[in-house]
Amino acid sequence: MNYFIPIVFMVCIYLPGSDSAGLGGKSLIFEKETSNSYVRVFPSSFTDLTAFTVCLRAASELTRSYSLFSYATSGHDNELLIWYTANGHITLYIYNEIAVFSLPKMDALLRHICVTWESREGLVTIWVNGKRSLQKIGGKGRVVKGSGQFILGQEQDRPGGGFDIQQSFVGEITDVNMWNCVLEPSKIETANEGCFFTGGNIINWGTTSYVSRGTVTIKDNNDCIF
């Protein structure tokens, strides 16, 4: 007796500009200055944050200032902003500027950046490629409100909009994760290593839903080498 066994092929297609889930192993490539190219990521639900860790991997050859990570609410367009300036400073805003760090200038090499903050003492720290900065004090007693929008590639002047081409990001961003706590140093070092890493409990790069707009290319980043 002859048996016919059906063969099923599954094809996954990414449609630019559509809602999708999960960016694990992917990079966002912002090819040029625009006022309309961005990626919005949708977090797990949260209300008020009194601590957080934001980690991402980025590279850019821009010689002007730009946004690395923008979170805006109806109350504050800079509810949480990680801002890079042309002289190599990274500034953390929670409503307004709370801490400025002088770091090596960004270039074409991907670097892993983590920013941690907690409200009780206002302690702010930046980690670059697994190495810790000095600690600073800022934003003591503040909270980061929920119900806002997370945008990569642009700085928001209102939730989801108000973009300025001269503040847009050009380069590559990947491995964006966010937690509702200050990660232990060992976990930040693990995040820097990249592979076999569990993502954040607010933004998890491997599972988060997202939508892209404009000219953003999403490609395999091929970070893991065995």
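How many bridges join strand β7 (residues 89–94) to β8? Six bridges join the two strands, which run antiparallel.

The legends below describe close-up views of a predicted model, in which local features need pLDDT of at least 70, side-chain atom pairs count only at pLDDT 80 or more, and totals for chains, interfaces and linings use all residues. Residues are numbered from 1 along each chain as its sequence is written, and side-chain values use heavy atoms, with hydrogens and water left out.

**View 1. The whole protein, for orientation.** The protein has one helix and 16 strands. Helices (H or I, at least four residues) and strands (E, at least two) are DSSP runs, numbered from the N terminus. Of the 226 residues, 49% are buried. Buried means under 20% relative accessible area, exposed over 50%, and partly exposed in between (1.4 Å probe, protein chains only). The exposed surface is about 11600 Å², with 52% of it supplied by carbon and sulfur atoms; accessible areas come from the Shrake-Rupley method with a 1.4 Å probe, and for residues only the protein chains shown count as cover. Among contacts with a separation of 6 or more, 70% are between residues 24 or more positions apart. A contact means heavy atoms within 4.5 Å.

**View 2. An open sheet of eight strands.** The strand order is β1-β15-β3-β13-β5-β6-β7-β8, and the pairing is antiparallel. Two strands pair if DSSP finds at least two bridges between them. At the edges are β1 (20–21) and β8 (96–102), each of which pairs on one side only. Where β7 meets β8, Tyr-93 stands opposite Glu-97 in β8. Strands of a sheet pair through backbone hydrogen bonds, either parallel or antiparallel.

**View 3. Strand β5 and its two neighbours.** Seven of the seven residues of β5 are buried, so the strand is mostly covered. Five bridges pair β5 with strand β6 (residues 80–84) in the antiparallel sense. In β6, Leu-81 is the bridge partner of Ser-70. Strand β13 (residues 149–152) is joined to β5 by three bridges and also runs antiparallel to β5. Here Tyr-71 stands opposite Phe-150 in β13.

**View 4. The disulfide of Cys-55 and Cys-114.** A search of the whole structure finds one disulfide, a term for a pair of cysteine sulfur atoms within 2.5 Å. The disulfide joins Cys-55 to Cys-114, with 2.0 Å from S to S. The link is right-handed, with 110° about the S-S bond. The pair links distant parts of the chain: Cys-55 is in strand β4 (residues 51–59) and Cys-114 is in strand β9 (residues 111–118), 59 residues apart. Cys-55 is buried at 1% relative accessibility, and Cys-114 is buried with a relative accessible area of 0%. Another cysteine, Cys-181, is partly exposed at 31%.

**View 5. Salt bridge of Lys-26 and Asp-220.** The structure holds six salt bridges; the term covers a side-chain nitrogen of Lys or Arg within 4 Å of a carboxyl oxygen of Asp or Glu. In this one, the N to O distance between the side chains of Lys-26 and Asp-220 is 2.5 Å. The pair links distant parts of the chain, with Lys-26 in strand β2 (residues 26–30) and Asp-220 in strand β16 (residues 216–220), 194 residues apart. Lys-26 is partly exposed, with a relative accessible area of 30%. Side chains of opposite charge can pair when their charged atoms come close.

**View 6. Salt bridge of Glu-33 and Arg-64.** The side chains of Glu-33 and Arg-64 meet at 2.9 Å, N to O. Glu-33 lies in the loop between β2 and β3 (38–42) and Arg-64 in the loop between β4 and β5 (66–72), so the salt bridge ties together parts that are 31 residues apart in sequence. Glu-33 is partly exposed at 35% relative accessible area, whereas Arg-64 is buried at 13%.

**View 7. Salt bridge of Arg-120 and Glu-121.** These two side chains meet at 3.7 Å, N to O. Arg-120 is exposed at 66% relative accessibility, and Glu-121 is partly exposed at 39%.

**View 8. Surroundings of Ser-27.** Ser-27 is in strand β2 and is buried, with a relative accessible area of 1%. A polar contact of 2.6 Å joins the side chains of Ser-27 and Glu-172. A polar contact is a pair of N or O atoms within 3.5 Å; within protein, one must be able to donate a hydrogen and the other to accept it, and residues adjacent in sequence count only if both atoms are side-chain atoms. Leaving out residues up to four places away in sequence, Ser-27 touches Glu-172, Ile-173, Thr-174, Thr-217, Ile-218, Lys-219 and Asn-221.
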